[in-house]
Amino acid sequence: MSFHPKRIQKEHVLKGIERIDNDNPSLNPSTRWDVVINGKHYPPKEVMRFARQEYDGEDWWGYGGGPPTNKFLERMGFEIFDKGQNNDPLANVIKKYKAYIRKNGLEDEEYKWKLLAQYKGKPNPHAGNLYNEIKSVDFANLLYYNAYRAMSHLAKDRQEDFRALLLMLFDESLDLKERVIRYDRESLALYRQLVPDKKLGHHQDERTISTLLTFHNPEKYTFYKNSFYVQLCKLIGVKPKPKGEKFVHYLELVEGFIEDYIKEDQELLELFKAKLPEGVFEDPNHLILAQDILYGVLDRNIGRNRRYWRIGTKADDTSYWANMKEKNRVAIGWSNLGDLDDLNVQSQKELYNVFKEKKIELKNNQLTSRKAGEIFAFYNDLSIGDIVLAQDGDNIYGIGEVTEGYTYNEAEDFAHEKGVDWKVFDPPFKNKTGRNTTFYPLEDYNLIQKIENVLGNESGNNESTMAKDLDNKRKGAKRPLNRILFGPPGTGKTYNTINKALEICGVEVPAQRQEAIIEFDNLVKKERIVFTTFHQSMAYEDFIEGIKPQEPAQEGHPVIFKIEPGIFKKISVNASFALAEKDKSSETENLLDFNLAFDKFKDDVEEKLSKEVAVELATKNGGKVIVDSISQQGNFNIKHPGRDLTYTVSKSRLSRLHNGLPDLGSVNNIDSEFREIIGGSNSTVNWAVLNEIRNKYFKNVEQAKARTIDWEDKYEIVKKLKKSDYKGKDGENYVLIIDEINRGNVSAVFGELITLIEDDKRLGREEGLVAQLPYSKEQFGVPPNLYILGTMNTADRSVEALDTALRRRFSFEEIPPNSEIIKEGNGLIEIDKIELNILLDKINKRIEKLLDKDHMIGHSFFMNLHSVKDLKLVFHNKILPLLQEYFFGDFGKIGLVIGKSFFEVIDSNEDDDDIFADFDYQNGFNERPVYHLKNVKKMDDQAFILALKNLIQ
């Protein structure tokens with residue numbers, strides 16, 4: 001009897017969930033949807049797979065992710081939970097893709113759909129001459145050349161055997177995983193008959209297999225590359241599969257991506273359809289579109305900024321530059337590591353372990369961890385579009401742009417390769433940075449300017465050079481770390497900070513303002529951007545750190561005081577942690593794992609105490625202690641049985657013990673050994689808690705789907721960093737925006753850190769400094785990836801008293817009124833053709849003549865106006881009050897700016913011949929006219945237009 005999903009009942013699902021909870025198997029997480037059962041979240045497809053096993057023993061669920069599976073669970077009464085797309089990484093991938101193709105179309109990628117329309121169904125394994133059949137297909141760059149060459153060789157010299165292989169690969173009655181493994185293994189055996197040299201690979205890997213399957217049947221398959229498959233796995237928190245299972249797993253992920261995202265996004269589908277040329281493969285199942293999105297955003301890095309790298313060309317006394325130049329490749333050695341794709345290395349730490357497992361020794365006292373970091377950066381971080389400098393010592397042989405992802409060419413001594421398009425040879429400058437390294441990031445502003453200049457000169461294209469300059473500006477490393485935007489009111493200073501903050505964070509500023517605000521808000525939620533406003537009451541205690549009262553946990557409890565971090569300290573720690581996290585040292589990972597285990601233990605203890613269940617912990621000598629309570633600060637209060645005295649066990653002390661004592665069993669004298677690490681404490685209770693966490697929680701920490709790292713955990717890691725740990729590090733940029741920065745007492749607010757924010761005093765710089773904070777007594781420095789953006793209103797009189805320390809440590813960028821923006825924005829008010837840009841220029845020329853340029857009026861007052869009524873409100877509510885403030889109510893000067901049509905004369909002699917008191921003083925004031933500004937809102941439109949015309953004349 002054939003299977004029908006409706007035969008699966010609720011009881012099968014619940015039994016499947018019971019197995020999942022008890023056996024704790026590895027589950028493929030869902031991309032967007034979860035099913036909620038007994039208060040827990042599970043991936044719907046995995047739940048139905050286990051339910052199917054309970055029903056008939058088959059380990060297979062043949063329905064797609066999203067609604068096709070969800071509907072069965074919903075019918076059984078289970079809740080389907082939409083994880084939402086606001087902070088969803090896959091939704092952000094699609095957003096970047098849409099923004100890119102909206103502007104650029106499908107650009108160079110439309111060839112895929114064209115080729116599939118032309119060659120769909122090929123290669124035909126039944127063709128009489130299989131060699132000619134292979135040669136007739138234009139695979140373009142979808143196959144590596146070596147793969148194409150090896151395939152042609154097999155088709156020519158082992159035609160029938162290779163034909164059988166293709167028939168097997170295209171046989172849909174066979175399991176795909178079996179087909180992939182067999183094709184790889186058996187094609188290698190065939191190739192070895194032709195080429196016995198084991199150094200030469202057959203290159204019939206999963207990328208080649210995916211290309212053959214996609215050309216033959218594009219309705220079912222799509223193109224694959226390991227580089228963006230691995231990035232996709234990282235993005236959604238899935239562990240990549242081993243060799244032979246990658247392509248199958250990739251197709252499963254793509255299926256979920258299409259069901260949960262692409263099919264539901266009508267804007268994407270309509271946009272894609274509009275950009276797709278006529279006469280190409282129509283891609284009815286969106287498989288090629290899904291690949292193009294993932295490849296474009298995760299591999300080509302569309303919407304991201306390119307980076308710059310130095311790569312060495314010599315090993316010992318042998319130069320590999322000629323080979324790199326001839327084959328358009330960049331490559332590094334350490335071939336004995338093997339294919340990094342096959343090894344599935346996901347971090348510097350994993351690559352370091354490969355060095356150890358294979359017992360690979362380094363020469364000249366090189367550090368294995370450092371070398372592993374350089375190789376992993378080449379493998380993982382060097383992306384398509386990046387710029388590389390091929391060097392020997394200080395000499396630069398060539399500058400090129402990366403065009404292809406990673407390949408392993410076992411026939412070469414420099415086996416780890418990436419494709420590159422060489423742009424410039426022997427440029428007229430040298431580079432000393434990273435001289436003794438295999439692979440090194442370049443961040444020096446002057447060097448990058450030189451690189452871009454020679455690239456621009458090579459192309460001879462001013463537009464290209466301007467585009468590269470813009471790309472340079474987007475890289476935060478080349479910007480002033482501390483910058484103030486200044487100008488009169490209404491020039492868009494705060495408006496501009498949003499754009500500049502996005503650029504610093506590596507986000508391409510969307511053309512639509514609303515989209516830019518959404519991007520900005522997302523970064524604020526992630527705490528990569530913090531916005532604050534200075535005012536007269538802003539203090540050091542708010543900005544850096546201070547002692548603040550804490551709200552009691554219960555009414556009647558005493559108020560306690562605690563050192564609280566301020567705005568600047570918090571974002572500095574977050575920025576520092578971003579550098580530490582990217583480094584992923586074993587110490588950092590170990591501490592993160594401990595913090596996660598500690599929090600899980602605390603949650604369990606809180607739950608038990610709330611149910612009045614006793615929590616007993618074993619001590620080193622075989623006794624026990626009892627958890628009495630958890631304090632307001634999250635510390636454990638522990639006591640011995642039968643005693644009232646409690647001892648405090650804190651997370652910060654335990655983390656230091658955990659880091660300092662890898663093996664608790666080897667501790668002989670816990671009093672003395674604990675005291676060396678954390679000072680005076682009750683060692684028995686600290687040992688008991690740490691032992692409980694180690695034995696019952698720490699082992700399972702790797703199974704956690706995602707880490708929730710709070711600020712205190714980050715701070716513990718950052719405190720362990722040394723100044724040298726910041727050198728050469730590159731991570732996400734963070735931005736602190738300080739609006740109205742001149743309104744605060746900057747010297748008092750920044751305190752001793754006013755010196756530390758200077759570029760050359762940042763951590764990681766040669767002159768980097770740290771200072772001891774007055775409250776916590778801890779050493780603190782400012783990381784190099786934290787940018788400070790301030791705004792300053794030049795019409796504010798507090799500018800005159802602007803602190804010299806602030807002036808010296810910030811770059812100042814003027815944001816003046818710009819009438820051209822008005823012209824581009826909304827043109828004319830169509831009543832007697834009042835041109836708003838000319839109106840603004842007239843007002844500002846007169847203000848500058850009477851006062852100065854710092855008191856002009858900004859263009860934003862005249863933006864987005866659609867009627868005379870809008871313009872009247874702007875004059876009444878904004879412009880006239882501002883002029884009265886500028887000129888202290890001197891209507892004579894105000895009249896010189898806007899003209900007499902905005903005034904009315906009050907005749908003071910209407911009622912009285914002399915309104916003044918009797919006094920012997922001939923002043924003539926009775927005859928002096930009194931001026932009042934008209935109520936602009938009550939002026940009729942024609943009178944208002946006439947007044948504006950008189951103003952412009």
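Q: Are Lys-651 and Asp-599 buried or exposed, and what makes them so?
A: Both Lys-651 and Asp-599 are buried, a term that means under 20% relative accessible area, with exposed meaning over 50% and partly exposed lying in between (1.4 Å probe, protein chains only). The model is predicted: local features need pLDDT of at least 70, side-chain atom pairs count only at pLDDT 80 or more, and totals for chains, interfaces and linings use all residues. Residues are numbered from 1 along each chain as its sequence is written, and side-chain values use heavy atoms, with hydrogens and water left out.

Q: Why is the contact of Lys-651 with Asp-599 called a salt bridge?
A: The closest N and O atoms of Lys-651 and Asp-599 are 3.1 Å apart. A salt bridge requires a side-chain nitrogen of Lys or Arg within 4 Å of a carboxyl oxygen of Asp or Glu, so the pair qualifies.

Q: What does the pair Lys-651 and Asp-599 tie together?
A: Lys-651 lies in helix 26 (residues 651-660) and Asp-599 in helix 25 (residues 586-610), so parts 52 residues apart in sequence are tied together. Helices are DSSP runs of H or I with at least four residues, numbered from the N terminus.

Q: Why is Asp-604 called buried and Lys-600 partly exposed?
A: Asp-604 has a relative accessible area of 19% and is therefore buried, whereas Lys-600, at 44%, is partly exposed. Their side chains meet in a salt bridge (3.1 Å, N to O).

Q: How do you know that Lys-761 forms a salt bridge with Glu-758?
A: The closest N and O atoms of Lys-761 and Glu-758 are 3.6 Å apart, so the criterion is met.

Technical notes. Helices (H or I, at least four residues) and strands (E, at least two) are DSSP runs, numbered from the N terminus.
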